[in-house]
Every structure is written in C-alpha cells, then in structure tokens.
Amino acid sequence: MPKLPPLFGAAFACLLISPSGAAEPTAEQLDKIPDERLVGDFRRATSQRVRAHLFGRIIDEMAGGAREVKPALEAMVAAAQADYLKGLKAELPSAYRKHLASLSEAQAYEVQRVRRKWTPHIRTAAFGAKFETEFLDAALAAADTVLPPLDGILVGDLAAWRAELIEYSEYLETCLAEIGFGDAPDPTEGKRSPTGHPYPKLDRPMTARENFDYLEKSLVMSLTIAPRGAGPLLAANAKNARELDYKENEFVMKAQIVRMITGSIGWYADPLTCACARDHSNDRKEGRASGHSSTVPGKAGMGDRARYWGTSARSEGAGGGKTGFGYLRGLSYGGGHTGPLYCMKRNVVGIGMRGGVGTSMYRTDKKWIHPCAVTEDELFMPPGLTREDCNSSNLRSIFSRLKTGDYGGAHELAAKAEEKDPLNAMVLRFMKAAIEVEFDWYLSGVGRIAKTGDYYFAGRLADEGKAKFRGLPEHEAKLASRAGGPHERANGKRYHSIIGNVDKLRSFAKRNPTSVYANAALHSVNEGGKPRPGLSYFYDQDITILEYGYPKR
C-alpha cells in the first residue's frame, strides 16, 4: 500500500480499481448503469474517459449526487496525492543534484553571490538599498536557477499519478460548487480563538488544486533548497494552508522561498495569528482602524489585538496589495517593515488579507527553530546540501577549512583539487564560487566605505577580510590598498569613540580641520539645527555601505 511520506503526514488508503486489461465500456453501456451504482463504478474506474462520463451523470442526473460523491472524491484525491508525493520524494533528491551539476560556473557564482549578499540581513535585519530588486527579485531568480524543472521528472507512474490528482481535484471543485460552497468551503467557519472570538472569514479559500500546488511546492523545497531540519515546518505550513486565504498563502510561500534559498530558517504560518491579522485588515478596510492603530475597544495596538485573540506578536507590518506577493513587495523596501520578513529573529508569521488591505504580525517560537546554512556557517555549500554531500577527501578538507573561516587555506586546496565525479565536481564548483564571492564581497565593501571617507571602518573591514584570506599575499594586498592610510584611520578611531558627544565633536573638528572626520563631526553637530547621527555623513553618501555591516548610528 502506498504511504504518504512520514514528513508530510499519515498514510492514506488505496483505491480499489478494476482488474487491469478489462475491456473499457462504451458510452451506451455507461448510460445504462443504474444511479445506485454510479458512485461506486466511478470510484473504481481506471479510465479518465469513463470517470468523466460517470461523473457527468452523477452531477447532472442524480438527486444529491454531488453530496454523495464528495466523500469518494476526497478519498481519491488523498490516495492519488499519497502515490504522487511518495514517488516525488523518491525521485527528486537525485534529480536536484543532477540539475545543480548542469549549472555553469557563472550560475554557481550568481547563486552564491545572492546568498552572501543576504547574510547580514538574515542575521541582524541590516537594511540594503534597492531591496525589492537587489535582494527580493535576486533571491527569487536564484531559486528559479537551482530548482529543477519538474517536467524532466514527471514521467511514467509519477506523471500518471499527478495527472490523476489534478483530474480528481477538478472534479472535487465542481462537486463543491454544486453543493453551494463556490470553488471551496471556508475551513475557518465555526472556528473560534482561545478567547472565544470567531475567526474572520476568508476572502477566497484555497481550492483542492491550489492546496495540492502548495503541498507540492513545500515538498519540492524540503527535498532541494531547504535545510534538512525545515521539513516538519514546511509540512505544517502545507497543512495550515487550508485555513489561510489564497493571497495569504501566496505571501507565505514567496517569503518562504526567499528564506530557503538564502540559507535562513523557515517561518511558520500560524492560523490563529493569521485570524488576528485578518481581523485588523478588516477593521482597516471598514474604517475602524488605520495603520497600526485601531479605535475598536480591546484592539488599540498590536499587543492589545494579540491578547484579544489569545496569541502574541513582537512586530507588525501594515500595507496593501492586490495580491499576496504584491503586499510582500510593498513591505520589501529595505526599511523597518522589511526586517521581520526574512530575519532569523522572527520565525512565526500571521498574515491577514481583506480585499487589498494587508496586515502581518511576527514573533519567535523556539519550537520551530532549526539549523540552517547561516547558523551552521555553511553557506559555501550548494543550497540544501551539507557535509554529507562531500563525497571525497578533497571536498571534506575544503569543507573543514571553510567551516572554520580559513578561506585562504580553502582557496589553495580548491585550486589543486580535481573531481571526476559530476556531483563532486558540482560541489567543488559551488565551493570555489563561494570563495570568490567572499573575497569580492570584502573588496567591494572596503572600497565603497573608503570612498565615503571613513577609512577607519574600511580598514577594520579590510583587516577582517585579510584574516580570512591569510596566506594569500595578493588578496591581502588588494584589500589593504583600498583601506586608506594609517593617519586617517587613527583620526577615524578617535571620531568613532566620541560620536554623540557634541562638545568633543566640536573640539575634534577644530584640532583636525583638514580631516574628513572634521566634516563628519560638523555634519553631526549641525550647528543651529537638530544633531544628526554620527555616521550619517558617510552612509548618506552611499547607503549601500550598510550592507557590509556598517553601523547606522
């Protein structure tokens, strides 16, 4: 009996089918089947043509036929889904690795570049310029590059199971529409929060086909780009997706793909917190609330609303969008609303959409925290792969050097390594790309920061990079050449230590009138006006330096 993979739930029962090789009945014979046999014969049919004919009769001719066939259809969907997901789980891991092996050096470099660019934001919610395009779109493009096309995998039984699943899902949607549910019933109907409040209805519940699509994408992620500990979380989200609106699920899925491809932890979509957020979106749409504030008693602020619903939240986003992805893009501007979307500090989300209004609430739950490439310092590996995929002594040695931050040693080993096995060669290619990306990241950061005039911080970043690439004189020299001279670094060290002290800043500017830090001091003091942040003189020239750990203070 085929079983649904343990990762995604319990086993489903198999269908009873007609013996293979039996002659297919004609349309005339099918029309003569009495009504009382239609549902049973429909369920046992092995031909799509026969099923379509019988289903048409059930809907058109049987009184209450839709309600009678609904349990059979639900069982058929479950069984076909079990077969398909089991087959996909068996085929996808190897197909993924073969697809990675087909990528060029340039493609491997771009994937690793995007992952490295995201790392500061994942760790600390550092903000970047042009976030929507330079971060969000780049991450989704990287995911498209590494995820294997299913067309090449869907052959034989796997293709047949998927086709049957889609066919049965479409029958089920027709059945539900006949009963009066539209395309799908609202699974939140009748649910109440722990505090006794009824869940707000969904704008558009997910159809059977859409629920399958969500489950399929979740399984594909868990078997490819996701950290191995993310499986249970992705499975839970696939189950919870039934209690979320279509737009809400789109929001969760798109952000989840970004989290997985960038090596972060996944986030859990909590139905209760979603109901709380949806309620606030509804109040905003109806004019009872605006932004993060509400006039409704008990719901004045984010914390009040969370308590009202019996949940919790540490931060909140509010905006709008015609789609779930549109709302996500609106929040992905690189400011305060962007932080909790992707940062590891928040791993639970409640997303609520009402019309074009969106609210999202975030918190942290240790239950759903799992190891990932960022926490394990293994971003140098291809997405989703670990040390277990280093199947040669060369790869294991390089892995160990990179794991400890010895990029210089890893560079020397990688330059000498040769791998004939295609999968080993693929891992080596991604490792080499990560080494190159790491050096380019430091070189770019040092250069950008030095160009603004903060040679002290540029020097610190250069020293950090030189420590990683120790033993490679050419690399060390390139970093040092961009960092500036020792005199300005000394002035910079003094300046950084007195930021915020207006009297000391004035005195510093008088004693060092030709230093760039004198300009920064006067800019910060802002005589006759409100004092400015001490480092704003530098990052106002090039906001992208924040992407390299430059402090916004």
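**Strand E5, its sheet and a cavity**

Reader: Which residue is the bridge partner of Met 353 in E6?

Author: In this predicted model, Gly 358 of E6 is the bridge partner of Met 353.

Reader: How many bridges join E5 to strand E6, and what makes them paired strands?

Author: Seven bridges join E5 to strand E6, residues 357–363, and the two run antiparallel. Pairing requires at least two bridges, so the seven found here satisfy the definition.

Reader: What do E5 and E6 form, and what lies between them?

Author: E5 and E6 form a hairpin, with two residues between them. In the turn, Gly 355 has a positive phi of about 65°.

Reader: Why is strand E5 described as largely enclosed?

Author: Strand E5 covers residues 348–354, and seven of its seven residues are buried, so the rest of the structure largely encloses it. Buried here means under 20% relative accessible area.

Reader: Which residues show that both faces of E5 are covered?

Author: On one side Val 348, Gly 350, Gly 352 and Arg 354 are buried, and on the other side Val 349, Ile 351 and Met 353 are buried.

Reader: How many bridges join strand E1 to E5, and what makes these two a pair?

Author: Two bridges join E1, residues 268–269, to E5, and these strands run parallel. At least two bridges are required, so E1 and E5 count as paired. Within E5, Val 348 stands opposite Tyr 268.

Reader: Why is the pairing in the sheet called mixed?

Author: The open sheet has four strands in the order E1-E5-E6-E4, and its pairing is mixed. E1 and E5 run parallel, whereas E5 and E6 run antiparallel. E4 and E6 also pair in the antiparallel sense, over six bridges, and Glu 316 stands opposite Met 361 in E6.

Reader: Why are E1 and strand E4 left without a neighbour on one side?

Author: E1 and E4 (315–320) stand at the edges of the sheet and have a single partner strand each, so one side of each lacks a neighbour there.

Reader: Which helix packs on the sheet?

Author: Helix H10, residues 246–261, packs on the sheet and touches E1, E5 and E6. The direction of H10 makes about 145° with that of E5.

Reader: How many cavities of 30 Å³ or more does the structure hold?

Author: The structure holds one such cavity, and the largest cavity has about 30 Å³ of space. Its lining residues include Lys 117, His 121, Phe 135 and Glu 547. Helix H5, residues 105–124, gives the most to this lining, with three residues.

Reader: How do the residues of the lining of the largest cavity divide?

Author: Five are nonpolar, two are polar and two are charged.

Definitions and conventions. Residues numbered from 1 in each chain as written. Predicted model: local features only at pLDDT ≥ 70, side-chain atom pairs only at ≥ 80, totals over all residues. Heavy atoms only, no water. Buried < 20%, exposed > 50% of the residue type's maximum accessible area, 1.4 Å probe, protein only. Contact = heavy atoms within 4.5 Å. Axes fitted to C-alpha atoms, helices over the stretch in contact; angles between N-to-C directions. 1 Å grid on protein atoms, 1.4 Å probe; cavity = no way out; pocket = protein on both sides within 12 Å on 5 of 7 lines; lining within 4 Å. Points joined across faces, edges and corners; volume = space filled by probe spheres on them. Nonpolar A, V, L, I, M, F, W, Y, C, P; charged D, E, K, R; others polar.
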